[in-house]
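Work through the exercises below with the sequence and the coordinates at hand. Each task is followed by a stepwise solution.

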Amino acid sequence: MVLLPAAKALIWQKWDDLYLVYQPSSAETHVFNETSALILASIERGPRPLASVREWTADRLGLSADDLVPEEFDLAVTRLEELGLLDRGDDTIAAE
Amino acid sequence: MIVGDLDQQEFAEGLSGVGLCIQFGPFNLRIHSNLPTFTHVAYPLYAPYPLFPASQLIDFHIQITSPPGLRRWVRRQACFALDGHFPFAPYAVDHAFPALEWGINWCIATRAHHLLMLHAAGVERNGHAILFPASPGDGKSTLCTALIHSGWRLLSDEFGLVRPEDGMLLPLPRVIPLKNQSIEVIRQFRPQAVIGPEFLGTRKGTVAHVQPPLESIRRAQECARARWLIFPRWIADAPLSLTPIAKSQAFLLVATNAFNYEVLDQASFRLVAQLVRDCDCFTLIYSNLDEAISTLDQLAPNCQ
């Protein structure tokens, strides 16, 4: 499985440990914690395998991939998907 | 030329004729009224405001007049209209002045989308402005009124108007509607404050309007840059506290408090983010005006 960016031209503002993200396609402003923001940032340049996103996010948080709580990661991915900020696709998309 | 250059009869005749063109900060209004209950109150309170020639662009054509048709003979009422349309139910004729002032607020809030409009009071001193975003009942108007009678310049009591081009605050120094206990609080605090008559039993309780100091009205075209975002809250008998808050929290408080955050699309996000980046952000809890003013005076460099 890969994660794909579903919204373009996001505008970011980081303060403290919170990220404010403006989504032009929906005119919505989101507030994310670091985990959600890193997941989103990891796919800004294009599709990325889920495992790679998990690994990259954990690394940026100073954790190993095993230490990143799966429930927290999965919840963040699901929430970002609900908000229209990412999509899930099969591995052939990443190969393309 | 200002309203006070007319005598009261000329003022009343101007209003009941084609209307008078009065400038409030960035907005040019043509006001029409045939109600003595309006003109008697408006004349002294509007006296320092500039008149402008009818040949200039007019932002809002508004009126506060008797009901149209036979109703004017049945009930003594005041009807607010914008461009000939009556958006609200009639008011008691004795409440014509507050009705027009609320009507002006409505015009601005629903039409002035070339500006980011925050629900906030604003004051300035030595080129530095404080914005007070707040909800109704938080003591914003009372604090703002006390400050402008203590050496600060009024930018606005109701609208923090942010110009998208450069993030500057545009002054809108209109009369300030004090409500209920706040009226007596200000009478006690500054007996010399110019306060209009009290309107009892309005839709917002008892209301009286404070005329801003003349200096604020004279400098109505002088923009200012926000330096502090302060979220005030009046709590009876509470000790004063001025507490820094996180920028992310300030952003959310300002954005959710804006009249037209959703309307301006990403410009709103950029403007609010810039505002928060440029400002020191605090919550202010107060119960005593002298204490609050003393604390806020210390923020502004060389403010004495």
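**Exercise 1.** Count the positive and negative side chains of chain A and find how far apart the centres of the two sets lie.

Solution. The model is a predicted one. Step one: Lys and Arg are taken as positive, Asp and Glu as negative. Step two: the count for chain A gives 8 positive and 18 negative side chains. Step three: the centres of these two sets are 6 Å apart.

**Exercise 2.** Describe the fold of chain A and decide whether its radius of gyration is close to or far from what the globule rule gives.

Solution. Step one: chain A contains 4 helices and 6 strands. Step two: their order along the sequence is β-β-β-β-α-β-α-α-β-α. Step three: the radius of gyration is 13 Å and the globule rule gives 12 Å for 96 residues, which is close, so chain A is as compact as a globular protein of that length. Step four: along the principal axes, the C-alpha atoms occupy a box of roughly 30 × 30 × 20 Å.

**Exercise 3.** State what share of chain A is buried and how much area it exposes.

Solution. Step one: with buried meaning under 20% relative accessible area, 40% of the 96 residues qualify. Step two: chain A exposes about 5200 Å², and 48% of this comes from carbon and sulfur atoms.

**Exercise 4.** Characterise the interface between chain A and chain B.

Solution. Step one: 12 residues of chain A contact 13 residues of chain B. Step two: about 1100 Å² is buried between them, 70% of it from carbon and sulfur atoms. Step three: on the chain A side, Ile11(A), Trp15(A) and Tyr22(A) lose the most area to chain B, together 47% of what that side buries.

Conventions
Residues are numbered from 1 along each chain as its sequence is written. Chains are lettered from A and ligands numbered from 1 in the order in which they are written. This is a predicted model: local features need pLDDT of at least 70, side-chain atom pairs count only at pLDDT 80 or more; totals for chains, interfaces and linings use all residues. Side-chain values use heavy atoms; hydrogens and water are left out. Helices (H or I, at least four residues) and strands (E, at least two) are DSSP runs, numbered from the N terminus. The radius of gyration is taken over C-alpha atoms; the globule rule is 2.2 Å times the number of residues to the power 0.38. Buried means under 20% relative accessible area, exposed over 50%, partly exposed in between (1.4 Å probe, protein chains only). Accessible areas come from the Shrake-Rupley method with a 1.4 Å probe; for residues, only the protein chains shown count as cover. The place of a charge is taken as NZ of Lys, CZ of Arg, CG of Asp or CD of Glu. Contact means heavy atoms within 4.5 Å. Buried area is the accessible area (1.4 Å probe) that two parts lose on being put together, summed over both.
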